[in-house]
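Biologist: I would like to go through this model with you before I plan anything around it. Could you show it to me first, and then take my questions one at a time?

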Amino acid sequence: MSRIERETKETTITLDVRVGEGPIEVATGDTFLDHMLTTLARYAGLQLSVTATGDLRHHLVEDTAIALGLALSNEIPPHIERYGWALVPMDEALVQAAVDVGGRSFYVGRIPSALYQHFLQSFATNLGATLHLKVIRGRDRHHAVEAAIKATGLALRQALRDGDRVFSTKGSVDLQVATPES
């Protein structure tokens with residue numbers, strides 16, 4: 001279980017996440033954000049606990065995405081499938097997602113909500129993942145955003161599955177970060 005406690009002038013967040021099915025408890029005070037976090041965790045197969053407050057909706061959504069990405073990055077084992085993809089229909093909406101959790105941060109995609117596009121970009125960046133999203137069709141903004149979250153979750157579930165080897169021609173990367181002496 002990875003825990004992030006993040007506090008700024010704008011937000012206070014406590015978040016626990018683990019790869020694998022388990023309880024999902026989310027309380028941010030924003031009903032739609034709670035719904036999207038719960039949906040992402042369920043479709044990705046994550047155990048998740050989030051308590052968060054914020055001054056503005058934008059800060060709350062962005063900072064929660066940052067905390068979730070950072071916490072989940074600590075949970076990625078070296079032996080995983082690494083890549084995942086999904087195509088999700090939700091009523092008139094159809095969304096495709098592809099993810100690589102191999103440590104390279106990149107996001108590309110347009111969904112019909114600047115706030116949730118920023119959520120997904122902040123999440124992918126702090127997770128160290130490449131995330132490509134494509135809304136193929138969708139008139140209802142809620143349906144397109146929710147289908148994007150579900151597709152991202154299903155792609156993550158596939159990418160985070162146990163694998164029998166390090167899925168890279170580089171092998172595993174051992175990174176040491178030195179702290180300069182004061």
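Biologist: What share of the accessible surface of the protein chain belongs to carbon and sulfur atoms?

Modeller: Please keep in mind that this is a predicted model. The accessible surface of the protein chain amounts to about 9,700 Å². Of that area, the share that belongs to carbon and sulfur atoms is 49%.

Biologist: In what order do the helices and strands follow one another along the protein chain?

Modeller: The protein chain holds 4 helices and 8 strands. When these are read along the sequence, the pattern that the protein chain follows is β-β-β-α-β-α-β-β-β-α-β-α.

Biologist: Why can the radius of gyration of the protein chain be said to agree with that of a compact globule?

Modeller: The C-alpha trace spans about 50 × 40 × 30 Å along its principal axes. For a compact globule with 182 residues one would expect a radius of gyration near 16 Å, and the protein chain agrees with this because its own value is 16 Å.

Biologist: How much of the contacts with a separation of 6 or more comes from residues 24 or more positions apart?

Modeller: Burial can be considered alongside the contacts: of the 182 residues of the protein chain, 47% count as buried. Among contacts with a separation of 6 or more, the part that residues 24 or more positions apart account for is 76%.

Biologist: How many aromatic pairs are there, and is the pair of Phe32 and Tyr116 stacked or edge-to-face?

Modeller: The count of aromatic pairs comes to 2. In the pair of Phe32 and Tyr116 the ring centres lie 5.2 Å apart and the planes meet at 85°, which is over the 60 degrees required, so this pair is edge-to-face. The pair links distant parts of the chain, 84 residues apart, with Phe32 in helix H1 (residues 31-44) and Tyr116 in helix H3 (residues 114-127). To restate both answers, the count is 2 and the pair of Phe32 and Tyr116 is edge-to-face.

Biologist: Is Phe32 buried or partly exposed?

Modeller: Tyr116 has a relative accessibility of 2%, and because this is under 20% it counts as buried. Phe32, by contrast, has a relative accessible area of 21%, which lies between 20% and 50%, so Phe32 is partly exposed.

Biologist: Which residues form the aromatic cluster?

Modeller: Tyr116 and Phe119 make a tilted aromatic pair, with 5.8 Å from centre to centre and 45° between the planes. Both of these residues are buried, and both lie in helix H3, 3 residues or about one turn of the helix apart. The one aromatic cluster is formed by Phe32, Tyr116 and Phe119.

Methods: Residues numbered from 1 in each chain as written. Predicted model: local features only at pLDDT ≥ 70, side-chain atom pairs only at ≥ 80, totals over all residues. Heavy atoms only, no water. Helix = DSSP H or I, 4+ residues; strand = E, 2+ residues; numbered from the N terminus. Rg over C-alpha atoms; globule rule 2.2 N^0.38 Å. Buried < 20%, exposed > 50% of the residue type's maximum accessible area, 1.4 Å probe, protein only. Contact = heavy atoms within 4.5 Å. Areas by Shrake-Rupley, 256 points an atom, 1.4 Å probe, with all protein chains shown as cover. Phe/Tyr/Trp six-rings, centres within 6.5 Å; stacked < 30°, edge-to-face > 60°.
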